[in-house]
Amino acid sequence: MIGFQYVRANDVADAVRLIAADPTAKFVAGGTNLLDLMKEDVERPSRLVDISRLPLKTVEETAKGGLRIGALVPNSDLAYHPLVTSRYPMLGSAILAGASAQLRNMASTGGNLLQRTRCPYFYDVATPCNKREPGSGCSAVGGHNRMHAILGTSDACIAVHPSDMCVALAALGATVHVAGPHGSREIAMADFHRLPGDTPHHETNLQRNEIIVAVELPAEGFATNHTYLKIRDRLSYAFALVSVAAALELNDGKIRQARLAMGGVAHKPWRDSAAEAALVGQAPDRAAFVRAADILLRDAKGFEHNAFKVSLAHRAIVRALMQAAAGRPQSQSNKTIQ
Ligand SMILES: Cc1cc2nc3c(=O)[nH]c(=O)nc-3n(C[C@H](O)[C@H](O)[C@H](O)COP(=O)(O)OP(=O)(O)OC[C@H]3O[C@@H](n4cnc5c(N)ncnc54)[C@H](O)[C@@H]3O)c2cc1C
Ligand code: SF4
């Protein structure tokens with residue numbers, strides 16, 4: 001473990017001032033990702049700015065009928081919050097599909113957005129990795145890539161974003177509120193995470209001297225017809241091979257609105273507006289869901305060990321949409337609808 005300084009921020013402005021003053025400082029919230037990365041020598045901040053006591057721990061209704069979630073709301077509190085369980089159950093089930101109870105008690109909303117990839121080469125400092133050390137190469141492209149991406153990859157990086165919560169946030173159309181030295185701004189969830197391109201070390205569009213203060217959900221929560229389906233090697237405490245957040249608004253036997261986002265397949269939560277648009281106006285049946293999966297996966301490309309993900313993702317999309325249409329989310333029986 002390398003030596004580092006520790007300082008506690010008194011308020012949001014103080015946190016921004018402290019991070020802006022030191023280019024090698026990092027915020028620490030729950031610490032469940034950052035401290036592991038420091039122990040593995042992947043991250044080497046000279047200073048930790050502890051934001052865990054800032055007053056960003058509330059979940060409040062907004063004037064627009066949505067929800068404002070403070071950046072320090074623990075994942076477990078959020079998943080079980082009455083406004084989430086009643087109005088945004090897809091978000092709750094995505095959070096509960098991740099990590100373990102102990103980790104969710106510590107993990108914060110903001111930290112979950114910024115957790116880093118689980119690519120094993122990223123953690124192994126003895127191997128080349130463009131994300132950890134720009135320009136060094138990507139060990140996963142010709143290496144063991146079973147868990148890696150099938151969409152939006154580049155020659156420089158084929159890692160996936162590991163979050164479950166973010167997949168539901170993407171499907172729900174969340175907005176990230178941030179504060180920095182020049183004031184506050186909002187970033188749409190769709191624009192928050194980046195594809196790897198030539199700069200896989202730039203993972204988000206958050207600036208280094210900005211802090212996430214909240215995540216806002218719009219009013220529509222798709223509480224009736226939704227599912228978060230996570231396919232993984234074990235039923236708990238495992239990252240997704242693929243996951244699907246699917247939400248539908250049904251009216252008179254037709255789909256009025258559809259949301260479809262995937263995890264485990266790309267460097268960011270993968271939401272596809274063309275696949276969603278293809279569902280609108282259709283009857284909620286298998287044929288429509290297969291078409292949507294075809295569209296979402298039109299550019300999917302597997303590597304040596306993860307080609308199976310393309311067909312797995314296809315089947316997962318269809319199953320998730322069937323569950324959503326039937327009003328029976330992931331853990332409940334999946335009675336087929338026609
Ligand atoms: C063994 C294990 C299994 C896991 N399994 C899953 C899983 O299946 N699914 C899943 O989704 N997650 C999983 N997680 C990840 C876990 O959910 C994240 O580690 C957690 O959400 C990170 O939150 P944190 O508050 O601990 O972040 P920290 O570790 O404190 O910080 C993470 C990063 O975010 C930055 N940061 C934190 N808060 C802010 C803020 N407000 N503004 C700006 N920057 C900030 C930090 O500087 C740091 O770079 C797992 C973690 C572990 C250790
Ligand atoms: S996939 Fe990305 S994170 Fe993994 S080794 Fe390649 S560059 Fe590094």
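Two strands are taken to pair if DSSP finds at least two bridges between them. This convention underlies the description of the sheets that follows, which concerns a predicted model.

One sheet is open and is built from three strands in the order 1-3-2, with parallel pairing. Its edges are formed by strand 1, covering residues 5-8, and strand 2, covering residues 25-28, each of which pairs on one side only. From one strand to the next, the twist averages 25°. Strand 1 and strand 3, the latter comprising residues 47-50, run parallel and are joined by four bridges. Within this pairing, Val7 has Val49 of strand 3 as its bridge partner. Helix 1, spanning residues 12-21, packs on the sheet and touches strand 1, strand 2 and strand 3. The direction of helix 1 makes about 150° with that of strand 2.

A further open sheet contains four strands in the order 9-10-11-12, and here the pairing is antiparallel. Strand 9 (226-231) and strand 12 (270-271) are the edge strands of this arrangement, each pairing on one side only. Strand 10, made up of residues 242-251, is joined by nine bridges to strand 11, made up of residues 254-263, and the two run antiparallel. Ala246 is found opposite Leu260, a residue of strand 11.

Two helices are associated with these strands. Helix 5, formed by residues 89-96, lies across strand 9 and strand 10 and runs at about 15° to strand 9. Helix 12, formed by residues 286-296, packs on the sheet through contacts with strand 10, strand 11 and strand 12. The angle between the direction of helix 12 and that of strand 11 is about 40°.

The model also includes ligand 2, and the space that ligand 2 takes up is the largest cavity. Around ligand 2 there are 14 residues, of which Cys119, Cys129, Cys138, Cys157 and Ile158 come nearest. By residue class, the shell around ligand 2 consists of ten nonpolar residues, three polar residues and one charged residue. Cys and Ile both count as nonpolar in this classification, so the nearest residues, Cys119, Cys129, Cys138, Cys157 and Ile158, belong to the nonpolar part of the shell.

Methods. Residues are numbered from 1 along each chain as its sequence is written. Chains are lettered from A and ligands numbered from 1 in the order in which they are written. This is a predicted model: local features need pLDDT of at least 70, side-chain atom pairs count only at pLDDT 80 or more; totals for chains, interfaces and linings use all residues. Side-chain values use heavy atoms; hydrogens and water are left out. A residue is near a molecule or strand if one of its heavy atoms lies within 4 Å of it. On a 1 Å grid over the protein atoms alone, a cavity is a set of points where a 1.4 Å probe fits but cannot get out, and a pocket is an open set with protein on both sides within 12 Å along at least five of seven lines; lining residues have an atom within 4 Å of a point. A molecule sits in a cavity or pocket if more than half of its atoms lie within 2 Å of its grid points. Axes are lines fitted to C-alpha atoms, for helices over the stretch in contact, and angles run from 0 to 180 degrees between N-to-C directions. Contact means heavy atoms within 4.5 Å.
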